[in-house]
Amino acid sequence: MKADPKADAAAAAPAGSKKKLIIMILAAVLVLGAGAGGGWYFSQSSAAHGEEDAPAKETKKKKKKDPAAKPEYVPIEAFTVNLQPENGEQYLQVQFTLQVEGAEQATAVKDNMAIVRNRVLLLLSSKKASEINTVEGKQQLASEIQAAIVEPFEKQGDEQEVSDVLFTSFIIQ
């Protein structure tokens with residue numbers, strides 16, 4: 001007897017379609033699992049870096065000072081700038097040292113020295129000799145330099161912990 005080809009095809013079809021169905025179900029499970037895993041990863045990543053989403057005021061808060069941290073001193077190379085004209089051209093040559101809170105802050109200032117020098121240069125070149133000639137003027141200038149340097153180096157970064165500006169050379173000519 002000859003086998004019926006149509007009956008053989010009908011019997012083979014359900015076995016082949018079951019395999020396809022199982023493969024499609026496994027693929028769907030893998031895709032859903034990958035999507036859920038990716039969603040979890042990105043939600044955890046956002047939570048860990050939630051400080052970036054916080055308002056700028058919150059990120060600018062100073063870190064708590066470590067009472068055991070020893071102050072570090074970072075010398076800054078001399079500046080020579082033209083002062084704002086009053087009675088002819090006048091120049092200021094100034095050199096100072098920054099007192100910062102700990103080695104980590106000293107490293108941060110040193111690593112961003114170009115930004116520090118730019119901020120100070122812009123500040124110094126906006127001054128008149130009569131404004132900085134007195135002791136009070138020099139103290140005011142030191143506090144303005146300090147304020148310029150403590151601003152975060154990076155957008156929404158932490159402020160630097162500069163506790164003092166100490167002049168080591170100050171010449172107005």
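Is Q105 buried or exposed? At 9% relative accessibility, Q105 counts as buried. The structure in which this residue sits is a predicted model. Its overall layout is described before the surroundings of Q105 are taken up.

The protein has six helices and three strands. From the N terminus on, these elements run α-α-β-β-α-α-α-α-β. Of the 173 residues, 23% count as buried. The protein exposes about 12,100 Å². Carbon and sulfur atoms supply 57% of that area. Among contacts with a separation of 6 or more, 70% are accounted for by residues 24 or more positions apart.

Confidence was examined next. The mean pLDDT of the protein is 81. A value of 70 or more is reached by 77% of the residues. Over residues 51–63, pLDDT stays under 50. For this stretch the model has 17 contacts beyond four places in sequence. Where pLDDT is low, the predicted coordinates should not be read in detail.

Helix α1 spans residues 5–48. L21 lies in this helix. With a relative accessible area of 47%, L21 is partly exposed. L21 also belongs to a nonpolar patch on the surface, together with M24, I25 and V29. These four residues have about 400 Å² of accessible area together.

Helix α3 covers residues 103–111. Q105 is found here. Q105, A106 and V109 are buried in this helix. Seen down the axis of α3, the buried residues fall within an arc of 100°, so they line one face of the helix. On the other side of α3, E104, K110 and D111 are exposed. What do the buried residues of α3 pack against? Their partners are β1 (71–82), β2 (91–101) and α4 (113–124). Q105 itself touches V100, E159, Q160 and E161, leaving out residues up to four places away in sequence.

F153 also makes contact with α3, through V109 among others. The place of F153 is in the loop between α6 and β3 (162–172). F153 is buried, because its relative accessible area of 14% falls under 20%. Beyond four places in sequence, F153 touches A108, V109, N112, I115, V116, R119 and Q160. One of these, V116, is 37 residues away from F153 along the chain. The C-alpha atoms of F153 and V116 are separated by 8.7 Å.

Strand β2 holds Q99. With a relative accessible area of 17%, Q99 is buried. Neighbours within four places in sequence are again left aside. Q99 is then in contact with P71, E72, Y73, E161, V162, S163, D164 and L166. Some of these partners lie in β1, including P71, E72 and Y73. Others belong to β3, among them V162, S163, D164 and L166. E161 appears among the contacts of Q99 and also among those of Q105.

Charged pairs were then considered. Side chains of opposite charge can pair when their charged atoms come close. How many salt bridges does the count come to? The count comes to one salt bridge. E144 forms a salt bridge with K127. The closest N and O atoms of this pair are 2.5 Å apart. The pair links distant parts of the chain, with the two positions 17 residues apart in sequence numbering. E144 is in helix α6 (residues 135–150), while K127 is in the loop between α4 and α5 (129–132).

Which of the terms buried, exposed or partly exposed fits E144? At 21% relative accessibility, E144 counts as partly exposed. K127, at 13%, counts as buried. The two residues fall on either side of the cut-off, because buried means under 20% relative accessible area.

The surroundings of K127 reach beyond this salt bridge. Residues up to four places away in sequence are not counted here. K127 touches L83, Q84, I132, L141 and E144. K127 and P85 are 42 residues apart in sequence. In space, the C-alpha atoms of K127 and P85 are 9.1 Å apart.

How values were computed
Residues numbered from 1 in each chain as written. Predicted model: local features only at pLDDT ≥ 70, side-chain atom pairs only at ≥ 80, totals over all residues. Heavy atoms only, no water. Patch = residues over 30% accessible without salt bridge, like charges linked within 9 Å, V, L, I, M, F, W, Y side chains within 5 Å. Areas by Shrake-Rupley, 256 points an atom, 1.4 Å probe, with all protein chains shown as cover. Salt bridge = Lys/Arg side-chain N within 4 Å of Asp/Glu carboxyl O. Helix = DSSP H or I, 4+ residues; strand = E, 2+ residues; numbered from the N terminus. Buried < 20%, exposed > 50% of the residue type's maximum accessible area, 1.4 Å probe, protein only. pLDDT = per-residue confidence, 0-100. Contact = heavy atoms within 4.5 Å. Arc of directions from axis to C-beta.
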